[in-house]
Amino acid sequence: MAGCWERRGCDEEMMSRCPHNVPGEPCPADCHYAACARPTHVVCRDFALLLNPERDYDAAVKEVCRFCEHFLERGPSVAERPEGRVARQGNPNRFLL
């Protein structure tokens, strides 16, 4: 079963106007930065989790996953990154909440 951070979570209306349906591509901004209504989403307040250098933050489809406790505790590590998948260059907005 895929983790919530691997699913776009788009409804039919969002999918109808989505310019792409390519796995691994970022969502349009209004979707990519949308709030998460899943019951597992809890904003992390533990800096040790937020600053974990082993977490593969690029595995998160949505930006909101990158500061969610559920993703930070259960998401994939950099060591689990699939062969050939390149990390996104830089992430200047990672901690702008």
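## Four helices and a cysteine-bearing core

Leaving aside residues up to four places away in sequence, Ser-77 touches Glu-54, Arg-55 and Asp-56. The segment that holds Ser-77 comes after helix H4. Its relative accessibility is 15%, so Ser-77 counts as buried; the cut-off for that label is under 20%.

Step back to the whole chain. This is a predicted model. The mean pLDDT of the protein is 75. Residues that reach 70 or more make up 61%. Confidence varies along the chain. Helix H1, residues 12-17, has the lowest confidence, with a mean of 68. H4 has the highest, at 91. Where pLDDT is low, the predicted coordinates should not be read in detail.

The architecture is quick to describe. The protein has 4 helices and 0 strands. Along the sequence, the pattern reads α-α-α-α. Take the contacts between residues at least 6 apart in sequence: 54% of them join residues at least 24 apart.

Now look inside. Of the 97 residues in the protein, 35% are buried. The largest nonpolar core has 11 residues. Its members include the aromatics Tyr-57, Phe-67 and Phe-71. Leu-49, Leu-50 and Leu-72 belong to it as well. So do Ala-60 and Val-64. Cys-44, Cys-65 and Cys-68 complete the set. Two helices, H3 (47-50) and H4 (69-74), each supply at least two residues of this core.

The cysteines deserve a closer look. How many disulfides does a search of the whole structure find? It finds 0. Cys-44 is therefore unpaired in this model: the nearest cysteine sulfur, that of Cys-68, is 8.6 Å away, while a disulfide calls for sulfur atoms within 2.5 Å. Are Cys-44 and Cys-68 buried or exposed? Cys-44 has a relative accessible area of 5%, so Cys-44 is buried. Cys-68 also counts as buried, because its relative accessibility is 5%. Both cysteines sit in the nonpolar core described above.

Finish at the outside. The accessible surface of the protein comes to about 6,600 Å². Carbon and sulfur atoms account for 57% of that surface.

Technical notes
Residues numbered from 1 in each chain as written. Predicted model: local features only at pLDDT ≥ 70, side-chain atom pairs only at ≥ 80, totals over all residues. Heavy atoms only, no water. Core = buried A, V, L, I, M, F, W, Y, C linked by side-chain atoms within 4.5 Å. Buried < 20%, exposed > 50% of the residue type's maximum accessible area, 1.4 Å probe, protein only. Contact = heavy atoms within 4.5 Å. pLDDT = per-residue confidence, 0-100. Areas by Shrake-Rupley, 256 points an atom, 1.4 Å probe, with all protein chains shown as cover.
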